[in-house]
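Work through the exercises below with the sequence and the model open. Each task is followed by a solution in steps.

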Amino acid sequence: MTTITLVQGDITRQSVDAIVNAANSSLLGGGGVDGAIHRRGGPAILEECRKLRASRYGKGLPTGRAVATTAGNLDARWVIHTVGPVFSDSEDRSHLLASCYRESLGVADELGARTVAFPAISTGVYRWPMADAARIALETVRAARTQVEEVTFVLFDEHAYTAFTDRLA
Ligand code: AR6
């Protein structure tokens, strides 16, 4: 059984085995939570991302997939980078958002991570409506077959925290 915990705050302040990053395909950093993780985690994360691009993801990490690097100076052992889908009104991309959570937990299992922190993937720059993102995130983690013992959703603001709390209740 995986325990699900909701907290409001900054994911870069979490002490867990693995912190999940809402990255983009380039793996070279960006704004939002991606920028915050690279800033606080330091250059070792970007260095490994560049190596991953050179070795395995020359065309970029596909949407819905996940890959791990060191966590640099963060209080975690790994950062798991996943690429959420950009929200679309005309196409249902829910399976790709669900895939981010499932694949990240799969990578966590391969690493032996037992505690994992997730942000609300795709709900910032990628514009996914928060209530729907909360539904997909919680349903997917609940249904996942994983050895991860605790998943903490770290919600940045009140709006996100409330959406996840309402959905969990
Ligand atoms: N801790 C926890 N959550 C955060 C933090 C933080 N420090 N900072 C922001 N959030 P976003 P996306 C929340 O835009 O929508 C990047 O440029 C934020 O409030 O970070 O998946 C990447 O490089 C929102 O609820 O990720 C990609 O290009 C959630 O994290 C693109 O943005 C996700 O917002 C990915 O877009």
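**Exercise 1: the ligand shell**

In this predicted model, 25 residues surround the ligand, and the closest are A22, N24, G30, G32 and G124. Two elements, β2 (18-23) and α1 (32-41), each give two or more residues to that shell.

Task: State which element gives the largest share of the shell around the ligand, and divide the shell by class.

Solution.
- Step 1. The largest share belongs to α1, with four residues.
- Step 2. Sorted by class, the shell around the ligand holds 13 nonpolar, nine polar and three charged residues.

**Exercise 2: the pair α4 and α5**

Task: Describe how helix α4 (residues 130-143) packs against helix α5 (residues 158-168), and list the residues that meet.

Solution.
- Step 1. Two packed helices are described by the angle between their axes and the distance between the axes.
- Step 2. For α4 and α5 the angle is about 50°, and the axes lie 9 Å apart.
- Step 3. Angles from 65 to 115 degrees count as roughly perpendicular and those under 35 as roughly parallel, so α4 is oblique to α5.
- Step 4. The crossing of α4 past α5 is right-handed.
- Step 5. From α4, the residues M130, A131, A134, R135 and L138 meet H159, A160, A163, F164, R167 and L168 of α5.
- Step 6. By class, this contact of α4 with α5 has eight nonpolar, one polar and two charged residues.

**Exercise 3: the pair α3 and α4**

Task: Do the same for helix α3 (residues 94-111) and α4.

Solution.
- Step 1. The axes of α3 and α4 come within 9 Å and cross at roughly 45°.
- Step 2. The two helices, α3 and α4, are therefore oblique to each other.
- Step 3. α3 passes α4 with a right-handed crossing.
- Step 4. On the α3 side, S94, L97, A98, Y101 and R102 meet A133, I136, A137, T140 and V141 in α4.
- Step 5. The contact of α3 with α4 divides into seven nonpolar residues, two polar and one charged.

**Exercise 4: the annotated domain**

Task: Which feature does UniProt place at residues 1-169, and what are the helix and strand percentages there?

Solution.
- Step 1. The unreviewed UniProt entry gives "domain: Macro" for residues 1-169.
- Step 2. Over residues 1-169 the chain is 39% helix and 20% strand.
- Step 3. The end C-alpha atoms of residues 1-169 are 18 Å apart.

How values were computed. Residues are numbered from 1 along each chain as its sequence is written. This is a predicted model: local features need pLDDT of at least 70, side-chain atom pairs count only at pLDDT 80 or more; totals for chains, interfaces and linings use all residues. UniProt positions are given in the numbering used here, feature names are shortened, and annotations may be inferred rather than shown by experiment. A residue is near a molecule or strand if its C-beta atom, placed from the backbone, lies within 6 Å of it. Ala, Val, Leu, Ile, Met, Phe, Trp, Tyr, Cys and Pro count as nonpolar, Asp, Glu, Lys and Arg as charged, and the others, Gly among them, as polar. Axes are lines fitted to C-alpha atoms, for helices over the stretch in contact, and angles run from 0 to 180 degrees between N-to-C directions. Angles under 35 degrees count as roughly parallel, over 145 as roughly antiparallel, 65 to 115 as roughly perpendicular and the rest as oblique. A crossing is left-handed if the near helix is turned anticlockwise from the far one by less than a right angle, and right-handed if clockwise. Two residues are in contact if their C-beta atoms, placed from the backbone, lie within 7 Å.
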